[in-house]
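Here is an easy-going tour for anyone meeting this structure for the first time. Have a look at the picture, then read on.

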Amino acid sequence: MSAEAKKSYASTLILIGLGVLAFYVGAQWLMVLIPAAVLVWYPAWERL
């Protein structure tokens, strides 16, 4: 597996984890989780 594939896979898992976390902790944490998701998503999007 290439290094790019590993980074993409890790980014995907982190975003899924943040989504599940948002589902369980509720709306009060969205102000923290949304910027965290953007910080993970944007570099992953740039690699495509």
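Let's start with a glycine: Gly26 comes right after helix 1, and its phi is positive, near 95°. Keep in mind that this is a predicted model.

Helix 1 itself covers residues 3–25. From its first C-alpha to its last, helix 1 reaches 33 Å, close to the 33 Å expected for its 23 residues at 1.5 Å a residue. Helix 2, residues 30–46, gets the same check in the table.

| Helix | Residues in helix | Reach, first to last C-alpha | Expected reach |
|---|---|---|---|
| Helix 1 | 23 residues | 33 Å | 33 Å |
| Helix 2 | 17 residues | 24 Å | 24 Å |

So which residues of helix 2 are buried? They are Leu33, Val40 and Ala44. Looking down the axis of helix 2, you'd find its buried residues within an arc of 45°, so they line one face of the helix. Over on the other side of helix 2, Met31, Ile34, Leu39, Trp45 and Glu46 are exposed.

What covers those buried residues? Helix 1 is part of the cover over the buried residues of helix 2. For a close-up, take Ser11, which sits in helix 1. Ser11 counts as buried because its relative accessibility is 10%, below the 20% cut-off. Leaving aside residues up to four places away in sequence, Ser11 touches Val40, Ala44 and Arg47. Two of these names have come up already: Val40 and Ala44 are among the buried residues of helix 2.

Now for the rings. How many aromatic pairs does the structure hold? There are 3 aromatic pairs. One of them joins Phe23 and Tyr24, an edge-to-face pair with 5.3 Å centre to centre and 80° between the planes. Phe23 is exposed, at 65% relative accessibility, and Tyr24 is exposed too, with a relative accessible area of 66%.

Another pair is Trp41 with Trp45: the ring centres are 5.8 Å apart and the planes are at 25°, so this pair is stacked. Both of these residues belong to helix 2, where Trp41 and Trp45 are 4 residues apart, about one turn of the helix. An α-helix has 3.6 residues a turn, so residues three or four places apart point the same way. Trp41 is partly exposed, with a relative accessible area of 41%, while Trp45 is one of the exposed residues of helix 2. Tyr42 joins in as well: ring pairs link Trp41, Tyr42 and Trp45 into a cluster.

Notes. Residues are numbered from 1 along each chain as its sequence is written. This is a predicted model: local features need pLDDT of at least 70, side-chain atom pairs count only at pLDDT 80 or more; totals for chains, interfaces and linings use all residues. Side-chain values use heavy atoms; hydrogens and water are left out. Rings of Phe, Tyr and Trp (its six-membered ring) pair if their centres lie within 6.5 Å; planes under 30 degrees apart count as stacked, over 60 as edge-to-face and the rest as tilted. Buried means under 20% relative accessible area, exposed over 50%, partly exposed in between (1.4 Å probe, protein chains only). Helices (H or I, at least four residues) and strands (E, at least two) are DSSP runs, numbered from the N terminus. The expected span of a helix is 1.5 Å times one less than its number of residues. The arc is that of the directions from the helix axis to the C-beta atoms. Contact means heavy atoms within 4.5 Å.
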